[in-house]
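Here are a few exercises to work through with the model open beside you. Try each task before reading its solution.

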Amino acid sequence: MLTGGGNQMNVKQRAIGILPRKAAISLLAMVPFLFLGAMDGHASPAAKLGAYPSKPSSGGGYVSPWALVKEPTSGQTEVIGGAAYGCIAGAKDLPETGKGYVTIRRERNRHYGHPETVKMIKDIGAELASRTDQLMMIGDMAQPRGGRMESMHRSHQNGMDVDIWFTLASSPKAANLLAPEGNDPPTMLTEDRAGISKRWGEDQLFLLKTAAQRPDVDRIFVNFAIKNALCKSVEGDRSWLGKVRPWWGHDAHFHIRLKCPAGSPECKQQPATPKGDGCGYEVASWMKKPKIILKKSDKPAPPPPLGPARCVALLKKGKGTNDGGVQTAAK
Ligand SMILES: [Zn+2]
């Protein structure tokens, strides 16, 4: 996920509080451009921080037809398109809780994905359970048929993306108390956002490393200050660090993207991450960027395209019937 809807009201004050006023204003002016340039195929800061309303159908903003579809299609699973322009047929539902994990904010109905995504979460949960009784909290995956969400994300469209919070929960009940809608778990960064805080520990490192070492994982997005801290501290095998990509936000959660699965010829695979641990010039250049939380754009964005033609057909499948098509679900 991208930063939850929670702290949006304070973002402007926080950004301006950290930066000199002039710098903050010029940075805020950049937001529309950042929004257009979804580098690495991932959501831009503007999208993350709620270019769209945080609550579906809250009025006044973009209403995604994809959010109106309540059920996946039945039949064969197939991923169509990419993370930021795609959809998924035959998506599977991640159970609410399992060994080592709990899903939060189920009411968003974003707990669907490819069976490989579901399996990956269960596998990592089981590995976490072998070292602690604490649970990882699973945030947004994809909508029942994928597609564009109304808030927070530009990606998460084709069932191969999942957000996992860095903060662990002692039980499913504790998870829902800790992270109700509008109240995100805490950042892992220090006050100046230049490094990791005392909240960071072995469990967080374990989660990232376990995910990055999986062959089915394509890349993982974390805040650039987290990547920088890993670059400075990880000893021994550093080969997995290359998949851990520096990005905006992602300081309270990380975002795993899986590779295109077998049996989905129209899944659009991103170019491979650069060779090596990614700890040289790239991280250094990120560390020169302002350490801020970007403000959401005030201007309503134009409605995004629905996706590839096959996705548009998938969206309409079951229209007027009882199988979860958009018209039925919108009643
Ligand atoms: Zn995400």
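**Exercise 1. Find how β9 and β11 are joined, and name a residue pair across them.**

Step 1. Four bridges join β9 to β11, and the two run antiparallel. Strands here are DSSP runs of E with at least two residues, helices are runs of H or I with at least four, and both are numbered from the N terminus. Two strands count as paired if DSSP finds at least two bridges between them.

Step 2. For a pair to look up, take R219, which stands opposite R257 in β11.

Before you go on, two notes on the model. It is predicted, so local features need pLDDT of at least 70 and side-chain atom pairs count only at pLDDT 80 or more, while totals for chains, interfaces and linings use all residues. Residues are numbered from 1 along each chain as its sequence is written.

**Exercise 2. Decide whether the faces of β11 are covered or open, and find its other link.**

Step 1. Six of the six residues of β11 are buried. Buried means that 20 or more other C-beta atoms lie within 10 Å of the residue's own; 12 or fewer makes it exposed, anything in between partly exposed, and C-beta atoms are placed from the backbone.

Step 2. In a regular strand, side chains alternate between the two faces of the sheet. Sorting β11 by side puts H253, H255 and R257 on one and F254, I256 and L258 on the other, all of them buried, which leaves both faces covered.

Step 3. β11 is also joined to β8, by five bridges in the antiparallel sense. W165 stands opposite H253 in β11.

**Exercise 3. Write out the strand order of the sheet and pick out its edges.**

Step 1. The sheet is open, has seven strands with mixed pairing, and reads β4-β5-β7-β8-β11-β9-β10.

Step 2. β4 (97–98) and β10 stand at the edges with a single partner strand each, so one side of each has no neighbour in the sheet.

Step 3. Now add helix α7 (residues 202–212), which packs on the sheet and touches β7, β8, β9, β10 and β11 (253–258). The direction of α7 makes about 150° with that of β9; axes are lines fitted to C-alpha atoms, for helices over the stretch in contact, and angles run from 0 to 180 degrees between N-to-C directions.

**Exercise 4. Follow β7 through its pairings and into the core.**

Step 1. β7 (residues 135–138) pairs antiparallel with β8 (residues 161–169) over three bridges. In β8, M136 has L168 as its bridge partner, and I138 has I164.

Step 2. β5 (residues 101–103) runs parallel to β7, with three bridges between them.

Step 3. The largest nonpolar core has 68 residues, and M136, M137 and I138 touch the most other members. Such a core is a set of buried Ala, Val, Leu, Ile, Met, Phe, Trp, Tyr and Cys residues joined through C-beta atoms within 7 Å.

**Exercise 5. Explain why α8 is described as largely enclosed.**

Step 1. Eight of the 10 residues of α8 (residues 224–233) are buried, so the rest of the structure largely encloses this helix.

Step 2. Its cover includes β9 (217–223), β10 (244–247) and α9 (281–287), where contact means C-beta atoms, placed from the backbone, within 7 Å.

Definitions and conventions
Contact = placed C-beta atoms within 7 Å.
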